[in-house]
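User: Please take a close look at one part of this model and describe how that part is built and what surrounds it.

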Amino acid sequence: MLHNKIKPDVIFCANDTSVLSVIIYLRQKGLKVPDNILIVGFSNEPFSEVVTPSISTIRQPGFEMGKKRQICSSGKSI
């Protein structure tokens with residue numbers, strides 16, 4: 001992907017742990033996050049606030065989503 005003529009502006013990772021791996025890889029390739037490329041994670045892990053650079057992440061409230069699914073399956077309204 002980084003060898004293509006058109007480089008990505010952003011990389012979306014399935015979770016914040018993957019974001020850390022991508023940041024390390026990009027640094028090894030001489031790219032700076034967020035100066036050269038943006039990265040977004042999906043899970044809002046507690047460590048996402050303390051790494052440098054901080055991770056842009058989307059909150060995934062798994063427990064709450066499961067509760068809502070259980071209520072929908074039972075026929076009750078939310």
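Analyst: Helix 1, a DSSP run of H or I with at least four residues, numbered from the N terminus, has 13 residues and reaches 19 Å from its first C-alpha to its last, close to the 18 Å expected at 1.5 Å a residue, where the expected span is 1.5 Å times one less than the number of residues. This is a predicted model, in which local features need pLDDT of at least 70, side-chain atom pairs count only at pLDDT 80 or more, and totals for chains, interfaces and linings use all residues. Residues are numbered from 1 along each chain as its sequence is written, and side-chain values use heavy atoms, with hydrogens and water left out.

The buried residues of helix 1 (under 20% relative accessible area, 1.4 Å probe, protein chains only) are D16, V19, V22, I23 and L26. Seen down the helix axis, these residues fall within an arc of 105°, so they line one face of the helix; the arc is taken from the directions from the axis to the C-beta atoms. Among the elements that cover them are strand 1 (10-12), strand 2 and strand 3, strands being DSSP runs of E with at least two residues.

At the N-terminal end, N15 caps helix 1 through a side-chain oxygen that lies 3.2 Å from the backbone nitrogen of T17. After the helix comes G30, whose phi is positive, near 85°.

The largest nonpolar core (buried Ala, Val, Leu, Ile, Met, Phe, Trp, Tyr and Cys residues joined through side-chain atoms within 4.5 Å) has 11 residues, including V19, V22, I23 and L26, and helix 1 gives the most to this core, with 4 residues.

Note on methods:
Buried < 20%, exposed > 50% of the residue type's maximum accessible area, 1.4 Å probe, protein only. Contact = heavy atoms within 4.5 Å. Polar contact = N/O pair within 3.5 Å; in protein donor to acceptor, adjacent residues only side chain to side chain.
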